[in-house]
Structure formats: C-alpha cells, structure tokens
Amino acid sequence: MAVYKRSYRPYSGETTPVWSRFLVLYRFSRRNLFRSKVQTVFFVICLFFPLLCLLGIYANSHLNAITFLSRSTGPFLDVNGRFFSIYLDVQAAFAFLLTAFIGPGLVSPDLANGALTLYLCRPLSRTEYVLGKISVLFITLSWMTWVPGLVLFFVQASISGWQWMWDNLWIAGAIVLGSLVWIAVLSLAALALSAWVRWRIVAGALLLGLFFFGAGFGRAINAVLRTQQGYLIDLSQLVSIIWHDLFRDAGEPPLSVSEAWIALLAFTSFCLYLLMRKIRANEVVR
Amino acid sequence: MNHPVIEFRNLSVRLGSREVLRDLSCSFSGSTIGLLGPNGAGKSTLINTLLGFWTPSAGSAHIFGSDIRTDAKKIRSLVGYMPENDAFIHNMSAVSFIRLMAELSGLPSEAALERAHESLFYVGLGEARYRKLGSYSLGMKQLAKLAQAIVHGPKLLILDEPTNGLDPPARQRMIRLVREMRDSGQMHIILCSHLLRDVEETCEEVVILKQGRVVHYSNLADERRSNRRFLELELEGTIDGFVDAARRLGCECAPGAFHRWKLVLADNVEVADIYRLAAERNIQLRRLNFRRDTLEDIFLKAMESTNGGL
C-alpha cells in the first residue's frame, strides 16, 4: 500500500541496540557538517600540510630530489620528534579554526529551538547526547591530526626500516596522545560554550576569545605579578607544555607537566559540569 | 499480567525548594486520560516526571508496570511525547527531522525513513514534508510535533496542549487525529490541556490537578451515562397521579420550584415511558432536559475544593 494511503499503525519491526543510539546523532550531525561547502573546503585545506609533510618525507629519501632541493648529499629534513611536534603544532591550529567553525553549530541549535526535549524523551540519556555530538568533533579532528600523523610516521618507518620504527615508537604515542588531548580540550570547550550561550556565532567568538584572550590575560598576569602561574589560564600554552613533554623537546617549560595536566583536567571538568547543567530537557525556573 | 497504564503511589516532586507535586496516588487504565488543572497545578511537571526529566522526591510512579526511576529508557521507548513548546530544528526538513527522531527511538534507518513519510502523510503534512521546519506555520509545527511523537508507534502518547495556538479548522483536525488514534485501539493517550472542550471531546477519564494534588478523578463515559438517566421536567396539570405512576415504575422523583420535578430513571425505564405516562394522564410536559453536568461544571466544582486530595 502506498505510504500516503496508510492510516496509523504501530511499529512492530526490529529495533537497533540501545547502546548504538548516540551514533545516530553522529551520523546526522556529520551529514549536516559536510553539507556546507565552506566547511568541506576548509577541511580539505586542513589536509594540505600533512600532504606537504608526506612529500617532504618522500623527497628526503630520494637522492635526486635531495640534490635538486638542497644541493647536498645529506638529508635536508630530520624526521624525528621535532618534525612531528611541528606537524602537530600546525595541524592543531587548523583544528582550532575548524572547531570554531563547526563546534558551536552542534549543540546550540538544539538548545535554541528546544529540541532537547524531543531527544531526551527518547531512550537517549544526556551523556549519550553529549557523546553523540562530541564524537562528530572527535572523529573529524582526528582525521586531520593524529590519523595523518600516524600515516606520516608509518611512511617514514617503511622508508627507514623497522629499527627506526622501533626506536621511535614513542613518537607515534606522542602524536596520538597529544592530538587527543588537544581534541578533547577543543571539543569540550566548543560544546560547553555553545550550550551556555545557545547562539552559534557568539559561541564561536567566545571560543576564539577563550584561547586568545586567555593567552593574553595569562601573560599579563605573568608580567604584573612576575610569576609563571598566569600560564594556568592559557589553554594553548598548557597543551604545548604537555606536547613538549610528549615529544621530548629540550628546554625548560614555564610550568611543570603535572601542573599543566591538573589545569587541563580542571578545565575539562568545568566544561563537563557546564554541559551537564545546560543539557537538560527542561530547566527549572526558580 | 495486565498493568495499569499509569500508577502513582504517594508521588511527590520537589523542584528547588518548591514542592510541585504532593502525594499523588491513583492509577489509570483507560485509553484516553485527560489531565486538567489551572496554570501551575503541576500538569507539565507530572508529564516531565513520567518521562524521567525530574526525579520524584518521594513515592513512586509506574508506566505499564515499569518504574520511572529504574526503567526510564524502557519507558521512553514505549512513550511518544508532543511537548507544549516549540521543539524542532528549524533548518532541517520535516522528513529528516522525523526520521532522526525515529532512529533515536530505535528504528533502523530505512524503516525510520518509511515511517517518517507515513507519519507526515498521516498528520496531513505529506505535501510539505520536504520543507524546512522553520518555514512551517504554527499549525503545521503542531502537526509535525505530533508526527514525531507517533513515528515509532508508541504504546502511550502524551500530548501537552496539542491545540495551543491553532485556528478552529486546525484544532478540529488535531482533535480528529487524536480521536482516530484513540479509536484505533493501538495506543493509550494522555492529553494535557487547559481547554476543557478538547478533553471533553477526546477523553474517557479525567484527572484534575490543583496545587500539585489530584482533586478530582472522573470517568467521563460513566458520567455521561449517569447524566442520561437524570431528567429535569416542567409539568402542567394534576401531577400527583403522574408522580405516583413514575415512582411505581421505579423512578426517583423530587419536586423543584414552579412545577418542576427532578427525576432519575430506573434502569428499565426509558424517556418514551415518561412521555407515555404524561399522555395517559393528560399532563402537559412543557420541558424535558437531560442533566448536562459538563466538564466545566466538574472542573469548577473541583476548583472549589480548597484543600485538594481525593
């Protein structure tokens, strides 16, 4: 019978597993994400630098190319912890900009239009809702940070041999862990801010402000109080201290690694608290 | 085992420092339950509590035998909810939105799409199903909210002020849809409204809340049946013989002012018998009314009760 001729009837077919419902949110949000040409183009641009690095690694191992580029027989590029640290710095900047574009649009429309009531009156918990939305950022940002990073690592390993890979396996761990820390900070900040202000544009601006003004304010505190504790409110500095440790960079960071971890943990906990306060089907008006 | 649709046992809900629902105890098994009460009576809080949005501060509530505290997900998979306020994503097409809701309720992707089309056609939005929800009129948004509530074929449909802001034809359409779903026998319906006419036209049972308490429960079908046995007559002529004859038939008669009588028909007596008695005794039957104890009367009586509680 044609759909338009049917009257009301109950559904008696199979249902999907309850644990997998948050993936529905991921699927729909991702579809909306890449419906925008600007965002799709920006995402593609974000992959240019990994491509450039790949070309660099390839050229580095081929004598002809090296001669052509550096007119010397030695390698023109040291593919080591420093190389991947720079790679992650660049990709982190792109990840930040992409998050400022797409992050606020994930939650704020639902809150602004009261759609949360409809999500949460179904077999979907608040945690699953947040998980579904944050997974969009986690997966998208992963595709431009640690996934190409690992590809670069394994390409280099395939060129330099198993011994290089074995000796530098910690770099792979640093790429993955360093990226995940950055992605977690960005995703939680974007979702929490958009849940808080419920306005996509303002949330995007707030995210930019959080990182830029946080950095500026932190440095101002350092200058006025002649301390290094101002870096505790500079999120990008905190993450770079952790990366510094992960990539075994030389030099003394302004804060200890444990301080950076604690500060980031406090920030992400605050974001989660804000999300749990704002992601509700109904609000109590006191 | 047949469980009541909804059962409360000393249910209390506190929001902040305010106790919004107090010690509710009752159970309902009818197919359509009307939830009435003035503003601030606790109707929406009760619905939100049933959906698991608020946690009871005391007591318990069960839907189809499942506890709202421990089986919230199971209950939500059985319930369809149409909220009072705007609740949609304005830049999504109706069919995408309804499909999303269906998938979140557990329908596989293809079945969800099919049911989304079906629901939209059923509520009368078939031709507008690819339009963005933000471009819908208020009446269309109400219908879209109804479509998302029924897309997964719930066993219990909760409608919170479904006719809010609708013009008369749209209201009629909504009432017709609710009646159709009621008559399909496939689902139970809770209709929460402050419009007594909506409840009267669609519901079998009515619960009236006041200040967070159930102040009245009424089975409208029984009420209507009993009203049909209660007559108000205005007679002219020698009426003693008529009253005696009516009493011999088993009717209860009580005199009123100015030749008016109140009469409760016995089970085996019909109105035609009263006409016959009057004709045989040459009595003029100038007026015969069925008692119409409307829902408004019931509601006003319930509101007059000061302390509340059944």
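Helices here are DSSP runs of H or I, at least four residues long, numbered from the N terminus. The model on screen is predicted.

**Stop 1: chain A as a whole**

Select chain A and colour it by secondary structure. Chain A has 14 helices and zero strands, so along the sequence its pattern reads α-α-α-α-α-α-α-α-α-α-α-α-α-α. Fitted along the principal axes, the box around the C-alpha atoms of chain A is roughly 80 × 60 × 30 Å.

**Stop 2: the contact between the chains**

Now show both chains and select the residues at their contact. Chain A contributes 37 residues and chain B contributes 46. Together the two chains bury about 3700 Å², with 63% of that area on carbon and sulfur atoms. On the side of chain B, the residues that lose the most area to chain A are Lys73(B), Leu104(B) and Glu118(B), which together make up 18% of what that side buries.

Next, look at the polar part of the contact. Four salt bridges run between chain B and chain A. For one to inspect, select Glu114(B) and Arg9(A): they form a salt bridge in which the closest N and O atoms are 3.9 Å apart. Eleven residue pairs are in polar contact between the two chains, counting pairs with both residues at pLDDT 80 or more.

Which elements of chain B give two or more residues to the side that touches chain A? They are helix 2 (72-78), helix 3 (94-104), helix 4, helix 5 (138-150) and helix 6 (168-184) of chain B. Helix 4 of chain B gives the most, with eight residues. By class, this side of chain B divides into 24 nonpolar, 14 polar and eight charged residues.

**Stop 3: the largest cavity**

Keep helix 4 of chain B selected and turn to the cavities. The structure holds three cavities of 30 Å³ or more. The largest has about 60 Å³ of space. To display its lining, select Ser7(A), Tyr8(A) and Arg9(A) along with Arg115(B), Glu118(B), Ser119(B), Tyr122(B) and Ile150(B). Helix 4 (residues 109-123) of chain B supplies the largest share of this lining, four residues. The lining residues comprise three nonpolar, two polar and three charged.

Two names recur from the previous stop. Arg9(A), a lining residue here, is the salt-bridge partner of Glu114(B). Glu118(B) also lines this cavity, and Glu118(B) is among the residues of chain B that lose the most area to chain A.

**Stop 4: the second largest cavity**

Hide chain A and select Ile6(B), Phe8(B), Phe28(B), Ile33(B), Leu35(B), Leu46(B), Leu50(B) and Ile190(B), which line the second largest cavity. Strand 1 (6-15), strand 3 (32-36) and helix 1 (43-50) of chain B each give two or more residues to this lining. The volume of the second largest cavity is about 50 Å³. What classes of residue make up its lining? Eight are nonpolar, with no polar and no charged residues.

**Stop 5: the second largest pocket**

Bring chain A back. The second largest pocket holds about 730 Å³ of space. It is lined by 32 residues, and those closest to its centre are Asn32(A), Leu33(A), Gly105(A), Asn91(B) and Met92(B); select these to centre the view. Helix 1 (22-33) and helix 6 (104-112) of chain A, together with helix 3 of chain B, each supply at least two lining residues. The classes in this lining are 14 nonpolar, ten polar and eight charged.

**Stop 6: a salt bridge within chain B**

Over all chains, the structure holds 20 salt bridges. For the last selection, take Asp198(B) and Arg171(B), whose side chains meet in a salt bridge at 2.7 Å, N to O. Asp198(B) lies in helix 7 (residues 196-202) of chain B and Arg171(B) in helix 6 of chain B, so the pair ties together parts that are 27 residues apart in sequence. Side chains of opposite charge can pair when their charged atoms come close.

Notes. Residues are numbered from 1 along each chain as its sequence is written. Chains are lettered from A and ligands numbered from 1 in the order in which they are written. This is a predicted model: local features need pLDDT of at least 70, side-chain atom pairs count only at pLDDT 80 or more; totals for chains, interfaces and linings use all residues. Side-chain values use heavy atoms; hydrogens and water are left out. On a 1 Å grid over the protein atoms alone, a cavity is a set of points where a 1.4 Å probe fits but cannot get out, and a pocket is an open set with protein on both sides within 12 Å along at least five of seven lines; lining residues have an atom within 4 Å of a point. Grid points are joined across faces, edges and corners, and a volume is the space filled by probe spheres set on the points. Ala, Val, Leu, Ile, Met, Phe, Trp, Tyr, Cys and Pro count as nonpolar, Asp, Glu, Lys and Arg as charged, and the others, Gly among them, as polar. Contact means heavy atoms within 4.5 Å. Buried area is the accessible area (1.4 Å probe) that two parts lose on being put together, summed over both. A polar contact is a pair of N or O atoms within 3.5 Å; within protein, one must be able to donate a hydrogen and the other to accept it, and residues adjacent in sequence count only if both atoms are side-chain atoms.
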